[in-house]
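Colleague: I'd like to learn how to read a model like this one. Could you walk me through it?

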Amino acid sequence: MKNILKPYKSKNLTLNNAVVMAPMTRCRADNEGNVPTAELHGTYYTQRASAGLIITEGSQVSTKAIGYLNTAGIHTEAQTAGWKKVVGEVHENGGKIFIQLWHVGRMSHPDFHGGDLPLAPSALNPEADVYTSKGQKKTVAPKEMTLEEIKETIKDFKDAASNAMAAGFDGVEIHSSNGYLLHQFFNKTSNHREDAYGGTMEKRAKIFFDILEAISEVMPVSKIGARFNPSLHGMFGMTMDEETIPTFEYIIKRLNEYDLAYIHLSEPFTDVSDIDYAVSNIAKHFRPLYEGTLMINAGFDQEKANEVLEAGNADLVAFGKLYVSNPDLVARFEKDASLADWDEDTFYTTGKEGYTDYPILAEQ
Ligand SMILES: Cc1cc2nc3c(=O)[nH]c(=O)nc-3n(C[C@H](O)[C@H](O)[C@H](O)COP(=O)(O)O)c2cc1C
């Protein structure tokens with residue numbers, strides 16, 4: 001029987017178990033320079049080091065990539081040094097950790113950019129809410145990126161990957177998911193470009209492959225993962241169309257040509273059974289298209305996780321909210337122990353509360 005608690009070994013990954021901590025923005029880098037700290041980030045991730053693999057919060061690859069308050073970055077020396085301490089602590093505690101490389105694109109606001117417009121494939125407002133230092137605001141129509149700005153962004157991802165290697169991370173995950181910049185390029189509804197980066201599914205996917213190629217110049221491709229949320233609809237300003245799923249099929253099939261650490265897919269975040277172009281069972285749909293390690297996420301508990309492994313539809317399962325409130329999730333699964341509930345009110349606040357103060361079993 002397959003089981004998430006058994007060690008996982010592939011050509012590129014050797015993990016103590018198949019339980020992954022999903023990437024989660026927690027907004028705790030509320031300091032000058034958005035630097036992750038040993039006190040907060042180090043403690044938080046070390047508490048969760050028994051996961052087979054940790055994927056960090058989305059970490060901006062440049063200041064232009066920011067769309068939330070107090071998110072940690074990976075584009076300055078101070079941030080790299082901060083992450084190095086965090087990674088060192090996780091490694092000392094027997095854990096493995098990838099960093100998620102993030103650009104929010106149009107899911108931002110001029111407040112974050114000294115009054116300048118956020119960047120996106122096309123000047124289309126996602127009509128979403130964002131939280132800036134001046135409170136909740138509506139998104140605006142972003143600036144359509146020039147070819148030069150696309151080139152700079154590709155370089156920002158590459159430089160961020162270099163920094164991640166310098167910080168000692170076991171790998172990086174390209175955040176091409178959840179309605180952020182790369183996802184905005186994939187979907188026709190958010191990408192109206194007619195140049196090399198829009199117009200056909202191959203062209204809409206080009207920026208992702210350009211970034212992947214650029215990152216591979218500074219680190220082994222075997223340490224790179226990529227995250228996708230193919231059936232995202234009605235959230236983060238995203239709308240599906242008849243080419244959305246075929247575009248993801250194209251990308252994921254083409255990724256067989258790259259010897260990645262893994263691909264990380266999300267099941268739909270909402271009920272999409274009534275949405276014309278959506279696929280409801282992502283793991284089942286995409287598993288036959290991809291030969292490498294497939295990580296699945298969204299809405300899993302221990303039982304469902306073992307079922308998806310047993311059905312052969314995934315190799316690893318990532319847990320998000322359960323990891324917010326259960327730092328010792330693996331031990332709890334092993335003992336079939338009760339799971340603590342998470343408090344949504346402290347997902348994005350500052351300080352220790354709701355971050356590093358969730359107890360482990362023995363302390364309860
Ligand atoms: C507080 C919070 C922050 C999140 N931040 C990110 C993020 O930075 N990057 C990302 O890819 N997904 C992010 N997500 C999505 C999670 O990785 C995951 O897909 C989602 O929580 C569903 O999985 P779950 O049902 O196991 O919680 C976030 C989710 C939560 C609850």
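Modeller: Sure, we'll start with the ligand and then go through some individual residues. Keep in mind that this is a predicted model.

Colleague: Which residues come nearest to the ligand?

Modeller: For that you look at heavy atoms, with 4 Å as the cut-off. Here the ligand has 18 residues around it, and Pro23, Thr25, Arg227, Asn297 and Gly299 come nearest. By class, that shell breaks down into eight nonpolar, eight polar and two charged residues.

Colleague: And what lies 2.6 Å from an oxygen atom of the ligand?

Modeller: Look for pairs of N or O atoms within 3.5 Å. In this case, a polar side-chain atom of threonine 25 lies 2.6 Å from a ligand oxygen. Glycine 320 uses a polar backbone atom instead, 2.8 Å from an oxygen atom of the ligand. Then there is asparagine 178, with a side-chain N or O atom 3.3 Å from a ligand nitrogen.

Colleague: How much of the ligand's area does the protein bury?

Modeller: You take the ligand alone and ask how much of its surface gets covered. Alone it exposes 610 Å², and the protein buries 88% of that. As for the site, the ligand takes up the space of the largest pocket.

Colleague: Asparagine 297 was on your list of the nearest residues. Is it buried or exposed?

Modeller: The rule is that under 20% relative accessible area means buried. Asparagine 297 has 8%, so it is buried. It sits in strand 13, residues 294-297. A polar atom of the asparagine 297 side chain also lies 2.9 Å from the backbone oxygen of alanine 318.

Colleague: What about isoleucine 99, buried or exposed?

Modeller: Apply that rule again: isoleucine 99 has 0% relative accessibility, so it counts as buried. Its place is in strand 5, residues 97-102. For sequence versus space, check the C-alpha atoms: isoleucine 99 and proline 23 are 76 residues apart along the chain, yet 8.4 Å separates them. And proline 23 is one of the residues that come nearest to the ligand.

Colleague: Now loops. Where is methionine 219, and is it buried or exposed?

Modeller: A loop position doesn't settle that question, so check the accessibility. Methionine 219 is in the loop between helix 5 (201-216) and strand 11, and it counts as buried because its relative accessibility is 4%. Its C-alpha is 7.5 Å from that of alanine 161, a residue 58 positions away in sequence.

Colleague: And methionine 235: where is that one found?

Modeller: In the loop between strand 11 (224-228) and helix 6 (244-254). With a relative accessible area of 27%, methionine 235 is partly exposed. Its C-alpha lies 8.4 Å from that of phenylalanine 269, which is 34 residues away along the chain.

Colleague: Last topic, backbone angles. What is phi at phenylalanine 236?

Modeller: When you scan phi, look for positive values in residues other than glycine. Phenylalanine 236 has one, about 50 degrees. This residue lies in the loop between strand 11 and helix 6, and at 24% relative accessible area it is partly exposed.

Colleague: Where is aspartate 336 found, and what is its phi near?

Modeller: Aspartate 336 is in the segment after helix 10 (329-335). Its phi is positive too, near 55 degrees. Over 50% relative accessible area means exposed, and aspartate 336 has 65%, so it counts as exposed.

Conventions
Residues numbered from 1 in each chain as written. Predicted model: local features only at pLDDT ≥ 70, side-chain atom pairs only at ≥ 80, totals over all residues. Heavy atoms only, no water. Polar contact = N/O pair within 3.5 Å; in protein donor to acceptor, adjacent residues only side chain to side chain. Areas by Shrake-Rupley, 256 points an atom, 1.4 Å probe, with all protein chains shown as cover. 1 Å grid on protein atoms, 1.4 Å probe; cavity = no way out; pocket = protein on both sides within 12 Å on 5 of 7 lines; lining within 4 Å. Sits in = over half its atoms within 2 Å of the grid points. Nonpolar A, V, L, I, M, F, W, Y, C, P; charged D, E, K, R; others polar. Helix = DSSP H or I, 4+ residues; strand = E, 2+ residues; numbered from the N terminus. Buried < 20%, exposed > 50% of the residue type's maximum accessible area, 1.4 Å probe, protein only.
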